[in-house]
Amino acid sequence: MAKKNVAKDVPAAARPVFEYAPAPESPAAAGELATSYGHFIGGEFVDSSGSEALKTVNPATEQVLAEFAQGTEEDVDRAVAAARAAFADWSALPGSERAKYLFRIARIVQERSRELAVLESIDNGKPIKETRDVDLPLVAAHFFYYAGWADKLDFAGFGPNPKPLGVAGQVIPWNFPLLMLAWKIAPALATGNTVVLKPAETTPLTALRFAEICRQAGLPKGVVNIVTGDGRTGAALTAHPDVSKVAFTGSTAVGRAIAKQLAGSRKKLSLELGGKAANIVFDDAPIDQAVEGIVNGIFFNQGHVCCAGSRLLVQESVQDELLDALKRRMATLRVGDPLDKNTDVGAINSAAQLARITELAAAGEAEGAERWAPACELPAAGYWFRPTLFTGVSQAHRIAREEIFGPVLSVLTFRTPAEAVEKANNTQYGLSAGIWTEKGSRILWTADRLRAGVVWANTFNKFDPTSPFGGYKESGYGREGGRHGLEAYLDV
Amino acid sequence: MSDVVTRLDVFKTYKLFVGGKFPRSESGRVYEVTDAKGQWLANAPLGTRKDTRDAVLAARAAVKGWSGTTAYNRGQVLYRVAEMLQGRREQFTAEVAAAEGLGAKKAAALVDQAIDRWVWYAGWTDKVSQIAGAANPVAGPFFNLSVPEPTGVVGIVAPQAGHGHSFLGLVSVLAPVIATGNTAVVAVAADAPLPALSLGEVLATSDVPGGVVNLVSGRTADLAPTLASHQDVNALDLAGAIAGEGPGAAASLEALAADTLKRVLRPAVDPSAQDWTLAPGTDRLLSFLETKTVWHPMGQ
């Protein structure tokens, strides 16, 4: 204990600082990029019926990576028709055969994981450390897990011989492009549906590369179709009359619009939307461990995480100690080149997102919260935002209520467990929450009262294909992952 | 070409598979294995009680590591077995055809099903606890969770009869045992041991840790009672126990197993009528599990 205090009292400047030599991953490992991409429909790469093209940029450099098609209503129609045509045979295949296709995909993803990790990092801006160690292993694991369900649906608890729905229209976000693709496609295919998937307009590249993997796996034509474009393409897909199932991950505003659009139809809908998770630290929490969890909770993936622990609720008696430790830790975060293996925080995904984060952070200051960020140099080109902390935040502040979707943490305090629960639940969202305490009974007591779909105790941002994920309240409905994730794609 | 003398085949020396290695029997003896028509195929090691006990030691040593791997990891290892088998399909087809007196086409179909059966169980490793576990709504402020855990070392008397017994039957009893984290000692089919002994070569190159599967050929009447009475074997699959009475018969093995309260999976009423091509279900998968229930209070 005495030793620890000595170390703490040493001024930051006097402590030895490790200099990290650059350890860049080679961009060439991403494989060759085409200058322009069309859609992947019926097993072929095809041109769009329209002439509008969008550009995807590397957010760390602002360099254009490739052009891709803005999918038209006609493109969407073609893709849905291809998926519908493939549905009869695909759904009639024995589950064990569908399983083997998915196992193949899982294995090819594993084989090509370095290429995909680098490509994802370039297109999205997230650190290679994360794409390599989190995104890609989870993508492969997700396909592996749902492959196993394809011939075991009778045992999944939905009655004998549960049936698929038909064509699934799936719209995914830019924060975990390939992982969200896996979350959508793996259960859909395992249960016998065919899919048309629209990746986000800032991150289409790994989805298009995934189309190549479908071809290597010998997946029957039309079972997976990828149509690129912005929200207009997404709206055309979710509105298509021959789509039987809509799955959307993204903002609560768009999710609400889709739910309205689908009202009165027979389409099944699952939504994974925004969040404003409380990360609750009790006075008996292991402080160092909690600090790591808080940092992981909000700065992982630049805070572009719907389940990010963006509201830190700390018990008043340990506030000072915790915030000191947290600031010390934040000062050591390395922000910069996503392809450097030492980088902790990469680039903000787009100029638009950077503008939104900047605006909300400014609102935080304007409303009276105290802003703090470590001194750190940011690259000249690209979109960057310093890991930022707000103290003195009230429950009414915009930064305590709205999803910032960036590396910005709002700190609130509480005195009793009941107050912590009250504040944690005081939000329109209910996706996730964190609890930090050494006391097991308190973890379970608190978890029991939190209105959130995922509760992490003494850890944060853990994902596994066997574990259901999804929200309460306006964070959406339906679950992805686990046995529960099958339900969204079955006619049950 | 014309002056080349017809090339002489290289025969394989069939060996046991114990602890990840390929020992000969400690007895130094072998026995003749013939095809369905009585033609000599190969000599198989005549495994003994001592070989069986050695195998149990190896299986016990492997329990900690194997049961401690993640279910995801075990699934990938089982899938790897399928990948490796696919590449040796022709070899197993020939061995199964000879062992069961089948045509190449029927034998190949059985091998294909055996490969798919590994895939089926590969998919079960991380789902068993989702169908066999439960969050129990006890009437009080408690968190109460039941999860299945592997029993430990399972002795298997491999199928000796029924359509597909020599290989598909073997895989059908072995894969579910190890899928859930148990380790196995298998007394392989006495009259048709060759596909089983070759399977050891596949397992050895499939990331299956040494000792997780141990394959012993020999007289069932020697091997099975050793498994049934062994103090360090936790469960027994009697699929291939011989009919009637005597030291290898199901009833006497079950009685031996009772001394140490082994979990026993009884053979089919008529093993020779058993069709190993039928869909397996979850019976065998759920037979070698213990249920552990954890209570924890909830409170401020």
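Before we start, a word on terms: helices and strands here are runs assigned by DSSP, with at least four residues for a helix and at least two for a strand, and they are numbered from the N terminus. With that in hand, please keep in mind throughout that what you see above is a predicted model.

Let me begin with a stretch of chain A that carries an annotation. An unreviewed UniProt entry lists residues 45-491 of chain A under the name "domain: Aldehyde dehydrogenase". Over those residues, 45-491 of chain A, the chain is 40% helix and 16% strand, and the C-alpha atoms at the two ends lie 31 Å apart.

Now to chain A as a whole, where we can count 15 helices and 18 strands. How does its radius of gyration compare with that of a compact globule? For 492 residues such a globule would come out near 23 Å, and chain A has 23 Å, so the two agree. Along its principal axes, the C-alpha trace of chain A spans about 70 × 50 × 40 Å, and 57% of its 492 residues count as buried. If we take the contacts in chain A with a separation of 6 or more, 73% of them are between residues that stand 24 or more positions apart.

Chain A can also be divided, and the division gives domain 1, made of 27-273 + 472-489, and domain 2, made of 275-457. The centres of these two domains of chain A, taken over C-alpha atoms, are separated by 29 Å. Where they touch, domain 1 of chain A contributes 22 residues and domain 2 of chain A contributes 27 residues. On the domain 1 side of this contact, α4 (113-124) and α5 (128-149) of chain A each supply at least two residues, and α5(A) gives the most, with 3 residues. Sorted by class, that side of domain 1 of chain A has 8 nonpolar, 7 polar and 7 charged residues.

Let me zoom in on one sheet. In chain A, 3 strands form an open sheet in the order β1-β5-β4, with mixed pairing. Which strands stand at the edges of it? They are β1 (36-37) and β4 (53-58) of chain A, and each has a single partner strand, so one side of each is left without a neighbour in the sheet. The strands β1(A) and β5 of chain A, the latter covering residues 63-69, run parallel and are joined by 2 bridges. As a place to look on the screen, Ser36(A) stands opposite Glu67(A) in β5(A).

We turn next to chain B, which has 10 helices and 10 strands. A compact globule of 300 residues would have a radius of gyration near 19 Å, and chain B has 20 Å, so here too the value agrees with the rule. The C-alpha atoms of chain B fill a box of roughly 90 × 45 × 35 Å along the principal axes, while buried residues make up 51% of the 300 residues. Among the contacts in chain B with a separation of 6 or more, 77% come from residues 24 or more positions apart.

Finally, how do the two chains meet? Their contact takes 21 residues from chain B and 23 residues from chain A. On the chain B side, the elements that give two or more residues are α2 (71-87), α4 (104-122), α5 (128-132) and β10 (289-297) of chain B. The residues on that side of chain B divide into 10 nonpolar, 8 polar and 3 charged.

Technical notes:
Residues numbered from 1 in each chain as written. Chains lettered and ligands numbered in written order. Predicted model: local features only at pLDDT ≥ 70, side-chain atom pairs only at ≥ 80, totals over all residues. Domains from an automatic or database assignment. Contact = placed C-beta atoms within 7 Å. Nonpolar A, V, L, I, M, F, W, Y, C, P; charged D, E, K, R; others polar. Pairing = 2+ DSSP bridges. UniProt positions renumbered as here; feature names shortened; annotations may be inferred. Rg over C-alpha atoms; globule rule 2.2 N^0.38 Å. Buried ≥ 20, exposed ≤ 12 C-beta atoms within 10 Å, placed from the backbone.
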